[in-house]
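Visitor: Could you take me through one part of this model up close, and then link it to what lies around it? I'm in my first year, so plain words, please.

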Amino acid sequence: MRNKTLICCLLWAMAMPCLADNVIDEVIWVVGDEAILRSEVEEERIRAQYEGQQIAGDPYCVIPEQIAIQKLYLNQAAIDSINVNESMVAHQVEMRIDFYLNQIGSKEKMEEYFRKTTSEIREELMTTVRNQMIIQQMQSKLTENIKPTPSEIRRFYNTLPQDSIPMVPAQVEVQILSFEPPVPQEETERIKSQLREFTDRITSGKADFSMLARLYSEDTESAKHGGELGFVGKGQLVPEFAEVAFNLNDPKRVSRIVQTEYGYHIIQLIEKKGDRINCRHILLRPRISYADKTRSLERLDSIRSIIRDSANATFEQAVARFSEDKNTALSGGLMTNPMTGSSKFEYQDLPPELAKQIYNLNEGDISEPFIMMDQMKNKEVCAIVKVKTKRDIHKANIVDDYQVIKSMLVERQSSEFLDNWIRQKQKEIYVQIDEKWRGCDFMYPGWIH
């Protein structure tokens, strides 16, 4: 929706360095109790110019109006007590700081570019990201009851001009049977011995937990921050990890070794706040030998042969008996697209190793055994896949692409609803615009009563 796009751009701009230091600041708009400053508008205008972005209209009209719309949403969110998950905010902030560091080269260069300390950058980003999430939640709440009926969706489709009906990319539905190669006992003991050594070094004061996490932890994201996870609730952690972490009370002690689906961990408490905890961990994963992988692939090849050659064996039965993928085991191996929630995938949305296997297969075909990376666990697994359905690129139709048509209608109705909501809010909230900033062809003329 156009409102969401422009607002996201503005929120991102709030994290940009000040590019208009010489502007004499002044209040140009007041929306409710919130002021819009000329410097905010100038920063966004220069940023857009610097990045080559086109603003549809006079920037001194478009930009302050979009900031005002943002403030309408934030004001309503405060009234409705909309809150966001602070750990998610912190995670997004760290991702953006990591992006800056990768692009700019170092912490010192980043601070020089933004003309702020890292803590100041982080603090501003926290506000920016939090506001962005609040606005998204507010818009979702406002439009949550937009649920068109099947007859409305059919009627909408029948009224679409032919040149407005979208092309649907090639899509597939895929069933998967996968498991991890078995880990030899000696490899498990090697991992545990290394973690026990880490614990001894930390306890004796010979090494710092965060330093060892940076050097050795295989959770690459948290390793960048010394193994620190940030404040999380119990439900955000896998049960085995949460049980041990939430029972820690002494920040100087290191937990026992914890086994989860991701590998083996040791944990150190940093701080507790109510029902949330901040801790750091070191994760090590067992190494699987080439011979163990080969044996697993041979086992999968035997399973595949049984399914193909037996009239009584099905892929779904094999999944129920052999698959270790708990996300698909109860659905006959049918994979779900995490971006859409449906079972249909475009090829680029599939893991690369899997997409390569099925590209030349037909409906009903089963792939050769192969090794792929489980993105959730960041582990290698051995797998075979079956192509359940396969469709080439085509113009959307109401039978095969019902959800696509429904999404188009929901987006249109949501956009119309939010447009009307903004027009109504203009009548209810105090707005004052400086005389010099009034001569605009606003998207929503109701700012000036």
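Guide: Let's start at Ser81, which sits in the loop between helix 3 (59-79) and helix 4 (86-104). Keep in mind that this is a predicted model. Ser81 isn't a glycine, yet its phi is positive, at about 55°. Is Ser81 buried or exposed? Its relative accessibility is 54%, and the cut-off for exposed is over 50%, so Ser81 counts as exposed.

Now hop along to another loop, the one between helix 5 (107-114) and helix 6 (118-142), where you'll find Arg115. Here too there's a positive phi in a residue other than glycine, this time near 60°. Arg115 has a relative accessibility of 52%, so it counts as exposed as well.

The helices beside these two loops turn up again when you look inside. Helix 3, helix 4, helix 5 and helix 6 come back in a moment, but meet the core itself before that: the largest nonpolar core has 39 residues, and Trp29, Ile36, Tyr73 and Trp447 are the ones touching the most other members. The elements giving two or more residues to this core are strand 1 (27-31), those four helices (3, 4, 5 and 6), helix 15 (402-428) and strand 13 (431-433). There's also a second, separate core of 17 residues, with Val174, Ala355, Leu361 and Met372 among them.

Val174 takes us to strand 4, where it is one of the residues pointing the same way as Val172, Ile176 and Ser178. Gln171, Glu173, Gln175, Leu177 and Phe179 point the other way, and residues on both sides are buried. In fact, nine of the nine residues in strand 4 (171-179) are buried.

And what does strand 4 pair with? One partner is strand 11 (residues 379-391), antiparallel to strand 4 and joined to it over nine bridges. As an example, Leu177 has Ile384 of strand 11 as its bridge partner. Strand 9 (residues 345-346) also runs antiparallel to strand 4, with two bridges between them. There, Val172 stands opposite Phe345.

Last, back out to the surface. Met211, Leu215 and Tyr216 make a nonpolar surface patch of about 280 Å². Met211 belongs to helix 9 (residues 209-216). Its relative accessible area is 32%, so Met211 is partly exposed.

Definitions and conventions:
Residues are numbered from 1 along each chain as its sequence is written. This is a predicted model: local features need pLDDT of at least 70, side-chain atom pairs count only at pLDDT 80 or more; totals for chains, interfaces and linings use all residues. Side-chain values use heavy atoms; hydrogens and water are left out. Buried means under 20% relative accessible area, exposed over 50%, partly exposed in between (1.4 Å probe, protein chains only). Two strands pair if DSSP finds at least two bridges between them. A nonpolar core is a set of buried Ala, Val, Leu, Ile, Met, Phe, Trp, Tyr and Cys residues joined through side-chain atoms within 4.5 Å. Patches are made of residues with over 30% relative accessible area and no salt bridge: like charges are joined within 9 Å, nonpolar side chains (Val, Leu, Ile, Met, Phe, Trp, Tyr) within 5 Å. Accessible areas come from the Shrake-Rupley method with a 1.4 Å probe; for residues, only the protein chains shown count as cover. A salt bridge is a side-chain nitrogen of Lys or Arg within 4 Å of a carboxyl oxygen of Asp or Glu.
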